[in-house]
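Student: I have a structure open and would like to learn how to read it. Could you walk me through it?

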Amino acid sequence: MAAAACGGSDSPTTASTGGASSAPAAASVKVGLAYDIGGRGDGSFNDAAAAGLDKAVSELKVDKKELEATQGETDAQKEERLRLLASGGFNPVIAVGFAYSAAVTKVAAEFPDIKFAIVDDGAKGANITNLLFAEEQGSFLVGVAAALKSQKGNVGFVGGVDVPLIHKFEAGFVAGAKAAKPDIKIQKKYLTQPPDFSGFGDPAKGKTAAQGMFDAGADVVYQAAGGSGAGVFEAAKAAGGMAIGVDSDQAALPAYADDKDVIITSMLKKVDVAVFDFLKNFAAGTVKAGPAIYDLKAGGVDYSTTGGKIDDIKSKIDEYKQKIISGEITVPSS
Amino acid sequence: MTVTGVSVGRPLEAPPARRFRLTLPILLAGVAALVVLLSIARVVTGANDITSGGTVSAALGLAVPIGLAGLGGLWSERSGVVNIGLEGMMILGTWFGAWGSLQFHSPWAGVIAGAIGGALGGAIHALATVTFGVDHIIAGVAINIVGLGFTQYLSKLFFDGMPGGGAKQSPGLPHMPTLSVPGIGEPLRTLEARHWFLLSDFAGVLRGITQDVSSFTILAILLVPLSFYALWRTAFGLRVRACGERPGAAESLGVNVYLYKWIAVLISGALAGLGGAFLSIVAAGIYRDGQTGGRGYIGLAAMIFGNWRPGGLAGGAVLFGYTDALQLRQGGTSVHALLLVVAMLLAAVAVYQLVRQRRNTAALITAIGAIVVFAVFAVTDTVPEQFTSFTPHLTTLLVLSLASQRLRMPAADGIPYRRGQTI
């Protein structure tokens, strides 16, 4: 019922869904979702978004339409993809990934009656919701884990592409490692520079970079490199080192079943939670434009304990977690 | 018989400039000199990674896919067919390589499947360009697009259902066995860890090329002299090259131009496919959508700057692989040390130009270049990340374009040939 208040011009949809929580009524919600490069099945970031959408399909009974991006495409192609969804009667439209920043800003202005959401980007617009994460907070925790687990006092960070989003991972990791061991040595490497985004999908490069770090004395390497991360795990296995996963609980994913012995923990970024929340709010008619930040407090980021490899230091990590939640520690984001 | 008409009309004179021939002793001396330069740079800067065994081994691994793609380009272009579709054939190779090794639980089955997958792309290219006379560039670009789309479709079909697989990646692949020269691994490692001038560097290089080398790498290296032998030392190779120089003349002498072009383009596709298979089976251990990352184009460029010769393209690939390994492993530190090497190289070239060639202006320009590079080296501590990632591209471009200023492509390269035409 409250939907009418903020539903605005798209009241037909929200009014009907906002009524009783009956499933058939909600079926009129048609969600359009545009993936970033990698798409469904990337075992990482896009898959998390897909999981949120799937949950919404089964629990909220929404209809869905998914479109995928291709490597090396232009902004015009991204705009066209969003426009296709918006003009095809899909509302809301969710764009996964910061690459859609410019496209969403432009297309959202063309369709003021349709709600847009973008993951990982602060694009501004009256009908754009920004699903943002405090990656630095989750990375801080795995930074602590890396420092405490490192025997040699030397850890590494492999970033996929040198972009502001990945800088947040790095900043949090560095801060966490230094908090746990102030004199720790931290090696850093970004695989490619924008506009070359192949660093998110080139395991051979990830392997070479991580091998270099292990050879130079590191024993734990944290990767925020999408598909290149598989190479980091390979290198850790070959060097007898440890690795830290990203986005999903990678030690638990079948895709990395061969590598689960070297993955001591993963920084969890719950894109699925954010996407599902957004769709739930949409169905309830309570969607708000502007940033919605998913941090440690909101349960948007966290670390995983699958495999039990960090059980011995879990209490220390949780101490830091509480300090971040209470605001005692402020994690830098760049 | 071709020699008869050439020098009759000309007055006999000394050859205009002595032709520089790269023989094995010269090559080895060059490599040794380079190691000395690297060793000096390593001792001065403390960037120990630039001659470490790990770097050399990584350099080999990064050079092989590019070199194989370049060899593929060589075969095709020597027969007169421009092959810009190497990237697409490589993509097919990555997928089929992964699929083959999973399906038959053997990396070698993957190698064969990768070659067949690449040859499939070659067959499409040959059908379009040789049989139907389509513009070579257009056919090649189409193959790059088709290769990408087709493998994405196949991934959904095959990998999606496998445990650990997905629409974008395969499950982890079975490992390729590695070979080592026995008995010298540990002594070399110890020697390398001492960081002595020169000795440790040679130990590092030796360790990189003798320890834990994948059998696939050895196969790839052997393919370079093999291609040279087949193209330049056999009647078959002469006919292939004739198709790339004067297809009309070859036809008039009874060479089936279409057939030879078909064979060459098929081999080209198979080699590019091998490059892709190496990438997924050995370099990454997993198939990943888009993992070629433009290596096919880099291979093509290495082939062009290598003057359509196997040695040149192998040199380009190794140079690219080495600098790529440097920047990926230790980034700014190693690239910074590389600046010193470049400065010393330029200085040496300047001295050579002054003393041996008496080209004063050229020597002056080179010397200024050396001083500028040295100044940059001296006033900085490291090279910013934004610069290091394109070090391989820049170095390879500079070195190869300076080294080979007189490129000569096969005369009929890229020109669609129709049976019966006179050229």
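Student: Happy to start with the interface. How many residues does each chain bring to the contact?

Tutor: Chain A gives 33 residues and chain B gives 32 residues, where a contact means that two C-beta atoms, placed from the backbone, lie within 7 Å. A word on the source: this is a predicted model, in which local features need pLDDT of at least 70 and side-chain atom pairs count only at pLDDT 80 or more, while totals for chains, interfaces and linings use all residues. Residues are numbered from 1 along each chain as its sequence is written, with chains lettered from A and ligands numbered from 1 in the order in which they are written.

Student: Which element supplies the largest share of the side of chain A that touches chain B?

Tutor: That is H9(A), with nine residues. Helices here are DSSP runs of H or I with at least four residues, strands are runs of E with at least two, and both are numbered from the N terminus. Strand S7 (185-192), helix H9 (203-215) and helix H10 (229-239) of chain A each supply at least two residues of that side. By class, the side has nine nonpolar, 14 polar and ten charged residues (Ala, Val, Leu, Ile, Met, Phe, Trp, Tyr, Cys and Pro count as nonpolar, Asp, Glu, Lys and Arg as charged, and the others, Gly among them, as polar).

Student: Now chain B. What is its make-up in helices and strands?

Tutor: Chain B has 16 helices and two strands. Its C-alpha trace spans about 75 × 60 × 40 Å along the principal axes.

Student: And how do I read helix packing?

Tutor: Two packed helices are described by the angle between their axes and the distance between the axes. In chain B, helix H2 (residues 53-78) packs on helix H13 (residues 310-357) at an angle of about 140°, with the axes 7 Å apart. Axes are lines fitted to C-alpha atoms, for helices over the stretch in contact, and angles run from 0 to 180 degrees between N-to-C directions. H2(B) is therefore oblique to H13(B) (under 35 degrees is roughly parallel, over 145 roughly antiparallel, 65 to 115 roughly perpendicular, the rest oblique). By class, their contact has 17 nonpolar, six polar and two charged residues.

Student: Where is Gln353(B) placed?

Tutor: Gln353(B) sits in helix H13 of chain B. Beyond its neighbours within four places in sequence, Gln353(B) is in contact with Arg359(B), Ala362(B), Ala363(B) and Thr366(B).
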